[in-house]
Amino acid sequence: MRKQNHPTLTPELIRRYIEHLREQERSPATLQKYAHDLHALRDFLDGGELTKTALIGWKAQLIEAHAPATVNSMLAAVNGFLAFMGWRELSVRLLKIQKALFRDEGRELSRAEYARLVHAAEQSENERLALILQTICATGIRVSELKFITAEAVRTGRAEIVNKGKRRVLFLPDQLRRLLKKYLQKQKITAGPVFVTRTGKPVDRSNIWRDMKALCERAGVEPGKVFPHNLRHLFARTYYSLEKDLSRLADILGHSSVTTTRIYTAESGLVHARQVERLGLILTT
């Protein structure tokens, strides 16, 4: 693609790049995020030229308004666009983020809190939500992958997950299958996704997020801990504590790299402190 001396960021260029990503089979969530980030940059430019100076200024504004990880994700989206356009010389450096050694206990969902959320959903007579919570937490799937938990998968005990251009087979625990079979019979669902809205469409992230947040007060759990992805983290920590097989866990979660999986299994500072105490290496009484 021919390089421009003074490029500008237009809606048409954004559309072309998003179409390119779609052809690369990137997920709908990724397409939406990249489009959002590029339009945010376009709003910042306000019709001005796309220059290295302008991009550095936008980066500075992002640093003031967002967490470092968010800043880097937005810069990565823009850098990808610049590479596509052949404007690599305009790319900006990502922030250097020191790897966190321990999980943030303030955002860590415990097993007891998870149990209270499920109980609160049952008390609210929201059987669908109670089963969604248990399905995510017992399998480790992403909330966007719930649509692959189908009546057929419940019958066979295995679901084929297709995400980010990759396929993996997920086995459903027998106890979960029994619960889902009863739910399917009650809802008269014989085929397709188990969890659907009143109109028959698969439940989406926003439905589940809203319903989970509504449980916080009754369950006595801090709202900052209550979001679908935290159930996936709880699965990962529980699995790893039993099996200690990071590579297998990465396959189950659908991770391309165990580096990502290692983040999921990081222990809290409190757990680490207890482990150090148990070493018994202080001898003086």
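The paragraphs below go through a predicted model, taking its nonpolar cores, a pair of packed helices and its aromatic pairs in turn.

The largest nonpolar core has 50 residues, and the residues with the most contacts inside it are Leu-133, Leu-146, Ile-149 and Phe-195. Helix H6, which spans residues 127-139, supplies the largest share of this core with 7 residues. Apart from this core lies another one, of 28 residues, which includes Tyr-34, Leu-55, Leu-75 and Met-85. Returning to Leu-133, and leaving aside residues up to four places away in sequence, one finds that Leu-133 touches Tyr-114, Leu-117, Val-118, Met-212, Leu-215 and Leu-231.

Leu-133 also takes part in the contact between two helices, since Tyr-114, Leu-117, Val-118, Ala-121 and Glu-122 in H5 meet Leu-129, Ala-130, Leu-133, Gln-134 and Cys-137 in H6. The residues of this contact of H5 with H6 divide into 8 nonpolar, 1 polar and 1 charged. Two packed helices are described by the angle between their axes and the distance between the axes. For helix H5 (residues 111-123) and H6, the angle is about 155 degrees and the axes are 8 Å apart. Because angles over 145 degrees count as roughly antiparallel, H5 and H6 are therefore roughly antiparallel to each other.

The aromatic rings offer another route through the model, in which the count comes to 7 aromatic pairs. Tyr-17 and Tyr-34 form a stacked pair, with 6.5 Å centre to centre and 25 degrees between the planes. Tyr-17 lies in helix H1 (residues 11-23) and Tyr-34 in helix H2 (residues 28-45), so this pair ties together parts that are 17 residues apart in sequence. With buried meaning under 20% relative accessible area, Tyr-17 counts as buried at 4% relative accessibility, and Tyr-34 is buried as well, with a relative accessible area of 14%.

Tyr-17 also pairs with Phe-84, and that aromatic pair is tilted, at 5.4 Å centre to centre and 45 degrees between the planes. Since Tyr-17 lies in helix H1 and Phe-84 in helix H4 (residues 68-85), the pair ties together parts that are 67 residues apart in sequence. Phe-84, at 23% relative accessibility, counts as partly exposed, whereas Tyr-17 counts as buried. Beyond these two pairs, ring pairs link Tyr-17, Tyr-34, Phe-81, Phe-84 and Trp-87 into a cluster; Tyr-34, a member of this cluster, is also among the residues of the core of 28 residues.

Conventions. Residues are numbered from 1 along each chain as its sequence is written. This is a predicted model: local features need pLDDT of at least 70, side-chain atom pairs count only at pLDDT 80 or more; totals for chains, interfaces and linings use all residues. Side-chain values use heavy atoms; hydrogens and water are left out. A nonpolar core is a set of buried Ala, Val, Leu, Ile, Met, Phe, Trp, Tyr and Cys residues joined through side-chain atoms within 4.5 Å. Buried means under 20% relative accessible area, exposed over 50%, partly exposed in between (1.4 Å probe, protein chains only). Helices (H or I, at least four residues) and strands (E, at least two) are DSSP runs, numbered from the N terminus. Contact means heavy atoms within 4.5 Å. Rings of Phe, Tyr and Trp (its six-membered ring) pair if their centres lie within 6.5 Å; planes under 30 degrees apart count as stacked, over 60 as edge-to-face and the rest as tilted. Axes are lines fitted to C-alpha atoms, for helices over the stretch in contact, and angles run from 0 to 180 degrees between N-to-C directions. Angles under 35 degrees count as roughly parallel, over 145 as roughly antiparallel, 65 to 115 as roughly perpendicular and the rest as oblique. Ala, Val, Leu, Ile, Met, Phe, Trp, Tyr, Cys and Pro count as nonpolar, Asp, Glu, Lys and Arg as charged, and the others, Gly among them, as polar.
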